[in-house]
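Here is a quick walk through a single-chain model and the ligand that comes with it. Have the structure open and follow along.

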Amino acid sequence: MIRRWDTESLPDLLEHIWMELARIDGDRDHPWRLPVLATSGSHGPNARTVVLRGVTRPGHELMAFSDRRALKVSELGHRHSAVWVFYDPRERVQLRAFTEVRVHVEDTVVDTYWHRLPEANRSNYLSEKAPGEGLEAPGAGRVLSPGSAHQFAVLIGRIQRLDWLWLREGGHRRAGFQREGAGWSGSWLEP
Ligand SMILES: Cc1cc2nc3c(=O)[nH]c(=O)nc-3n(C[C@H](O)[C@H](O)[C@H](O)COP(=O)(O)O)c2cc1C
């Protein structure tokens, strides 16, 4: 598996990165399925794990779901820039995707993905209380019925820049890719 990272061609490396991102959809155990999403809030930086729900290669976009009342959603409403950090400990490969994020609430994008969500997952977006609100006891929050108004939000990050790092035996490697119009320019970097 590691061999595919062993290239000295930047176009090939970029191709491998896209292939790896595309692979996540069909591989629930892929470590890149759980990136850390880092944002800037009014009190400073913030970061948390999310599930990567989709990747579109033509649009260079990453997608995650959330509760519209979550802090990350209001942070992204103020500052659209966010970094998605992926790490695969099996291959010791880190990918940082620098994005501009659009937050979708109560629109056709939300409707589309809400209808595709399995019933069991919908309860995550039907809690009476907002994420981070106080509870009297663990698990005391009330989940509304599936027919109630939901708080589902879709976050779509358009990738502007990629930073790839491989902790390779025999010499680490790092490369950066910058979006330029419809294409990408890349360069090797000192790790
Ligand atoms: C494995 C894992 C996956 C998670 N996936 C998501 C997710 O897809 N969306 C989400 O909003 N929060 C997800 N969370 C919870 C967030 O990490 C975070 O605790 C929560 O969303 C509140 O973050 P915020 O206050 O910064 O908005 C996940 C947590 C873990 C541990």
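## Around the ligand

A residue counts as being around the ligand here if one of its heavy atoms lies within 4 Å of it. On that basis, the shell in this predicted model is made of L34, R48, T49, V50, V51, F65, S66, A70, L71 and K72. By character, that shell splits into six nonpolar, two polar and two charged residues.

What are the polar atoms up to? R48 puts a polar side-chain atom 2.8 Å from an oxygen atom of the ligand. With T49 the backbone does the work: one of its polar atoms is 2.7 Å from a ligand oxygen. F65 also uses its backbone, with a polar atom 2.8 Å from a nitrogen atom of the ligand. Taken alone, the ligand has 620 Å² of accessible area, and the protein covers 59% of that. The elements giving two or more residues to the shell are β2, β4 (61-67) and α2 (71-78).

## The β1-β2 hairpin and its other neighbour

Let's follow β2 back to its partner. Strand β1 covers residues 36-41 and strand β2 covers residues 44-49, and the two pair antiparallel over six bridges. The hairpin that links them runs through two residues. To get the register by eye, look for V36 opposite T49 and A38 opposite A47. T49 is thus a handy landmark: it faces V36 across the hairpin, and its backbone comes up to a ligand oxygen.

β1 also pairs with β5, again in the antiparallel sense, through three bridges. In that pairing, L37 has W84 as its bridge partner. Which residues of β1 are on the covered face, and which on the uncovered one? L37, T39 and G41 make up the covered face, while V36, A38 and S40 make up the uncovered one. That every-other-residue pattern fits a general rule, because side chains in a regular strand alternate between the two faces of the sheet.

## W32, just ahead of β1

Go back along the sequence to the loop between α1 (10-23) and β1, and you will find W32. Is W32 buried or exposed? Its relative accessibility is 0%, so W32 counts as buried.

The list of residues touching W32 is a long walk through the chain. Neighbours within four places in sequence aside, W32 is in contact with W5, I17, E20, L21, I24, L52, F86, Y87, D88, V93 and L95. V51, one of the residues around the ligand, sits 19 residues from W32 in sequence, with 8.9 Å between the two C-alpha atoms.

## H104 in β6

H104 belongs to strand β6. With a relative accessibility of 11%, under the 20% cut-off, H104 counts as buried. The side chain of H104 makes a polar contact with the side chain of D107, at 2.6 Å.

Setting aside neighbours within four places in sequence, H104 also touches V109, V110, F152, A153, V154 and I156.

## Two loop residues with positive phi

Most residues other than glycine have a negative phi, so exceptions are worth a look. H60 has a phi near 55 degrees and sits in the loop between β3 (54-56) and β4. R92 also has a phi near 55 degrees, and its place is the loop between β5 (81-88) and β6 (93-105).

How do the two compare in exposure? H60 is buried, at 9% relative accessible area, whereas R92 is partly exposed, at 34%.

## Stepping back to the whole chain

Zooming out, the chain has four helices and nine strands. Their order along the sequence is α-β-β-β-β-α-β-β-α-α-β-β-β. The C-alpha trace spans about 55 × 35 × 35 Å along its principal axes.

There are 191 residues in the chain, and 40% of them count as buried. Among contacts with a sequence separation of 6 or more, 59% link residues 24 or more positions apart. The chain exposes about 10600 Å², with carbon and sulfur atoms supplying 50% of that area.

Definitions and conventions:
Residues are numbered from 1 along each chain as its sequence is written. This is a predicted model: local features need pLDDT of at least 70, side-chain atom pairs count only at pLDDT 80 or more; totals for chains, interfaces and linings use all residues. Side-chain values use heavy atoms; hydrogens and water are left out. Two strands pair if DSSP finds at least two bridges between them. A polar contact is a pair of N or O atoms within 3.5 Å; within protein, one must be able to donate a hydrogen and the other to accept it, and residues adjacent in sequence count only if both atoms are side-chain atoms. Accessible areas come from the Shrake-Rupley method with a 1.4 Å probe; for residues, only the protein chains shown count as cover. Ala, Val, Leu, Ile, Met, Phe, Trp, Tyr, Cys and Pro count as nonpolar, Asp, Glu, Lys and Arg as charged, and the others, Gly among them, as polar. Buried means under 20% relative accessible area, exposed over 50%, partly exposed in between (1.4 Å probe, protein chains only). Contact means heavy atoms within 4.5 Å.
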